[in-house]
Amino acid sequence: MRVRVLFFGMLKDAAGKSSDEIEIDDGASVRDLLADCEAQVPRLKESLGSLAVAVNQQYVGPETKLKAGDEVALLPPVSGGAPDGASETPPTQPEPALTELKGGRYALIVREAIDTAATLSRLKRGEDGAALVFEGVVRNQTRGRKTRYLDYEAYEEMALAQMESLAERALVQFQVRDIAIVHRLGRLEIGETSVVIAVASAHRAAAFDACRWLIDTLKKTVPIWKKEYFEDGAVWADGDAFPAEIPRANS
């Protein structure tokens, strides 16, 4: 039977392609598929301890059985917008647009500049006592190396579904009224916004707690990666390790 394998981030560079069609035995598991992939991409073996696997956009363990036509994504640790990427005075940006790439009830993925003010304006209601916004902003250096720009990519369908799920969980867990999550893909210049999380609530404490939980969880579980371009080269950003509840490829 044949399955489709997707490569992201550093794995895409190592494989020299973003996807492949692989023939495997009927009844093969994710572990069996990974063994076949290792033969094609030797560098995969050294990364298995940190990788997660998704089958048809759901995180799975290595013993999961595959079916013909399954889509199997090999996922390095993710690197969503990080809180320490923000700056106080971002430079002037082009007039923002909100052309939708993929969107759900609470989450949106775009390829154009994020209009933070418009996102917040659409969220607020008269009953809200707090409206809180977090912006992740591209900074001009990483660990002392001058950054030229960033390039974000995602497993888009799964990323959107994961952000929707996070918003739904936060609404229940923190008892806030509404949430908006907008993440941008593609090339981002210094000072541009990569991710916006807006939370509306009757009380500020719940809004702060929900916003912090959302960005911290997003950058550990949502399949989005960034490549950092420096004056002397480029590298995929080191992502945070997947949380314990997400199985590793070699577990």
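## A salt bridge along helix α6

In this predicted model, aspartate 216 and arginine 212 join their side chains in a salt bridge, at 2.8 Å from N to O. Both residues sit in helix α6 (residues 204-221), four residues apart, so to speak about one turn of the helix.

How exposed are the two partners? Arginine 212 is exposed, with a relative accessible area of 55%. Aspartate 216 comes out as partly exposed, at 26% relative accessibility; that value is neither under 20% nor over 50%, which is why the label is the in-between one.

## Two more bridges from the set

Across the whole structure, the search turns up 14 salt bridges. As background, side chains of opposite charge can pair when their charged atoms come close.

One of the bridges pairs aspartate 128 with arginine 177, and their closest N and O atoms are 2.7 Å apart. Aspartate 128 is in the loop between α4 (116-123) and β8 (130-137), while arginine 177 is in the loop between α5 and β11 (178-184), so this contact ties together parts that are 49 residues apart in sequence. On the accessibility side, aspartate 128 is buried, with a relative accessible area of 16%, and arginine 177 is partly exposed at 29%.

Another bridge brings the side chains of aspartate 70 and lysine 67 together, at 3.7 Å from N to O. Here the partners have opposite labels: aspartate 70 counts as buried, at 3% relative accessibility, whereas lysine 67 is exposed, with a relative accessible area of 53%. The cut-offs explain this, because buried means under 20% and exposed means over 50%.

## Phenylalanine 8 and its ring partners

Now for the aromatics: the count comes to five aromatic pairs. In one of them, the rings of phenylalanine 8 and tyrosine 155 have centres 5.2 Å apart and planes at 35°, so the pair is tilted. Sequence-wise this pair links distant parts of the chain, 147 residues apart: phenylalanine 8 is in the loop between β1 (2-7) and α1 (10-15), and tyrosine 155 is in the loop between β10 (145-154) and α5 (156-174). Phenylalanine 8 is buried, with a relative accessible area of 9%, and tyrosine 155 is buried too, at 3%.

What about the rings of phenylalanine 8 and tryptophan 225: how far apart are their centres? The answer is 4.8 Å, and with planes at 15° the pair counts as stacked, because the angle is under 30 degrees. Tryptophan 225 belongs to strand β14 (residues 224-230) and phenylalanine 8 to the loop between β1 and α1, so the pair ties together parts that are 217 residues apart in sequence. Phenylalanine 8 and tryptophan 225 are both buried. Put the pieces together and Phe8, Tyr155 and Trp225 form one aromatic cluster.

## A negative patch on the surface

Which residues make up the negative surface patch? Asp25, Asp26, Asp32 and Asp36 do. Among them, aspartate 26 is placed in the loop between β2 (19-23) and α2 (30-40).

Aspartate 26 is exposed, with a relative accessible area of 66%. That figure clears the accessibility requirement for a patch member, because patches are made of residues with over 30% relative accessible area and no salt bridge.

Methods:
Residues numbered from 1 in each chain as written. Predicted model: local features only at pLDDT ≥ 70, side-chain atom pairs only at ≥ 80, totals over all residues. Heavy atoms only, no water. Patch = residues over 30% accessible without salt bridge, like charges linked within 9 Å, V, L, I, M, F, W, Y side chains within 5 Å. Areas by Shrake-Rupley, 256 points an atom, 1.4 Å probe, with all protein chains shown as cover. Salt bridge = Lys/Arg side-chain N within 4 Å of Asp/Glu carboxyl O. Lys, Arg positive; Asp, Glu negative; His and termini not counted. Charge placed at Lys NZ, Arg CZ, Asp CG, Glu CD. Helix = DSSP H or I, 4+ residues; strand = E, 2+ residues; numbered from the N terminus. Buried < 20%, exposed > 50% of the residue type's maximum accessible area, 1.4 Å probe, protein only. Phe/Tyr/Trp six-rings, centres within 6.5 Å; stacked < 30°, edge-to-face > 60°.
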